Amino acid sequence: MHAAAPSPLSVRRATPLSGRVRVPGDKSISHRALIFGALATGVTRIRGLLEAEDVINTAKAVTSLGAPAEKIGDVWQVMGRGPGGLRQPVAPIDFGNSGTGTRLMMGVVAGHAMTVTMSGDASLSKRPMRRVLAPLKQMGLQIVEDGRETLPMTLRGSEDLVPIGYKLPVPSAQVKSAILIAGLHAAGATTVIETEATRDHTERMLRYFGAHVESVETDGLTHITVRGDAELSGRDVLVPGDPSSAAFLCCAALIVPGSDITIEGVLVNETRTGLYTTLQEMGGDIAFLNPREEGGEPIADIRVRASQLKGVHVPADRAPSMIDEYPVLAAIAGFARGQTRMDGLAELKVKESDRLAATAAGLVANGVAARIDGDTLIVDGSGTVAGGGTVATHLDHRIAMAFLTMGLASTEAVTVDDTTMIATSFPEFRGLMEQLGARYAHMD
Ligand code: S3P
């Protein structure tokens, strides 16, 4: 899919950013709306679906399983097949760059008597799948080439899944979700136990579709139980703006002097807002305006004004609520005065790239004092960033966007070696940044 030649891009210091914008729909919620729509009885209509490559691949995946997903006017419509109603696809399914699409769909395949081959691009083919396959195997999923732990792989599901109780060894919403989705098809109650809270969109949306999902907190653990043999009904879903995409705009406005922007309709579910808490602690002028609820999720408009930031300690227990935002936080930490220390970043190493290494290397290439100590990233901010370097993006959209944000306030231009992957999550990135006043220049 990404055989296209790399497309480098440079960014220079910007004049003040201003304006009101909307970011596209939340990626996590978009994947789930398509998947739960396919599993439900009747039609699901989705407004505001993120139309980025990762999500389009999930739309294609559910279509190939017999639940057509297509856009009619402004609305995405999924023709749900009801409990156990999906059918074996005629060809392998390509998930492109998307770990979320892959892992959630493994939960779907587990609960159907079908054999499915899944594949992905070079980045996805390196990502660990054992974390999902281990619990799904306990429930009854078979891996045809037993022992395989990375894509491509062929999976055989079953109509006879066994319910399990499973304590997550890593804080991962994808693993939690795959188990809960498989649990919809098991004979009995399936429980996932979390030691650290991760994004809860699966729990919220499954309830909205009519499944019985209970979350109970005891002794610092959360027990999430889904009742099997569930019947979901097609629903109307409104997808709020993605806080992980809004993060780039927000960070840009903080570091470009004189900026004042408002991002409308952003998801502010507290399992996703760790970055915003951190930026406020750093002295960022960020206001949440007009808080309201849409489609069972809290949203708000976010006003951001340029601010002199100071370095802070970001505790490890905040990591799940901002896991995708560390690259951009680190990218602007050089503009802060003092040290920013980010603990508990083990999971960053197994994202679309090793984001811990890629972020530190990009910072050092641009004159920022950054170092890795175990699972900790330390940035010594001096208040200014030299720039002038080229960043290796390693097929990772968020590395590209983080450094295209940093360069908006660095002394010299910053170049990223490839921007094609930005289309996997936020195709409107450049257009929206330019609408606010940023300027980019292609290097080819
Ligand atoms: C996601 C969960 C996170 C996140 C990813 C989306 C989800 O991954 O990094 O971008 O939608 O469930 P992990 O569950 O692997 O932490």
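Strands, as named in these legends, are DSSP runs of E of at least two residues, numbered from the N terminus. The structure shown is a predicted model.

**View 1. A cis peptide bond in the loop between β8 and β9.** P152 is placed in the loop that connects β8 (142-143) and β9 (153-156). The peptide bond leading from L151 to P152 is cis, and its omega is near -5 degrees. Most peptide bonds, by contrast, are trans.

**View 2. A positive phi within strand β16.** N290 belongs to strand β16, which covers residues 285-294. The phi of N290 is near 55 degrees, a positive value in a residue that is not glycine. Most residues other than glycine have a negative phi.

**View 3. The ligand between two domains.** The ligand sits in the largest pocket. Because domain 1 (9-25 + 240-442) and domain 2 (27-238) both contribute residues to the shell around the ligand, the ligand lies between them. Helices α1 (27-39), α3 (99-110) and α5 (173-183) each provide at least two residues of this shell.

**View 4. The shell around the ligand.** The residues around the ligand include S28, R32, T100, R103, R199, I323, D324 and K351. By class, the shell holds three nonpolar, four polar and five charged residues.

**View 5. Polar contacts of the ligand with S172, A173 and Q174.** A side-chain N or O atom of S172 lies 2.7 Å from an oxygen atom of the ligand. A polar backbone atom of A173 is 2.9 Å from a ligand oxygen atom, and a backbone N or O atom of Q174 is 2.9 Å from an oxygen atom of the ligand. Of the 390 Å² of accessible area that the ligand has on its own, the protein covers 95%.

Note on methods
Residues are numbered from 1 along each chain as its sequence is written. This is a predicted model: local features need pLDDT of at least 70, side-chain atom pairs count only at pLDDT 80 or more; totals for chains, interfaces and linings use all residues. Side-chain values use heavy atoms; hydrogens and water are left out. A residue is near a molecule or strand if one of its heavy atoms lies within 4 Å of it. A polar contact is a pair of N or O atoms within 3.5 Å; within protein, one must be able to donate a hydrogen and the other to accept it, and residues adjacent in sequence count only if both atoms are side-chain atoms. Accessible areas come from the Shrake-Rupley method with a 1.4 Å probe; for residues, only the protein chains shown count as cover. On a 1 Å grid over the protein atoms alone, a cavity is a set of points where a 1.4 Å probe fits but cannot get out, and a pocket is an open set with protein on both sides within 12 Å along at least five of seven lines; lining residues have an atom within 4 Å of a point. A molecule sits in a cavity or pocket if more than half of its atoms lie within 2 Å of its grid points. Helices (H or I, at least four residues) and strands (E, at least two) are DSSP runs, numbered from the N terminus. Ala, Val, Leu, Ile, Met, Phe, Trp, Tyr, Cys and Pro count as nonpolar, Asp, Glu, Lys and Arg as charged, and the others, Gly among them, as polar. Domain bounds come from an automatic or database domain assignment.
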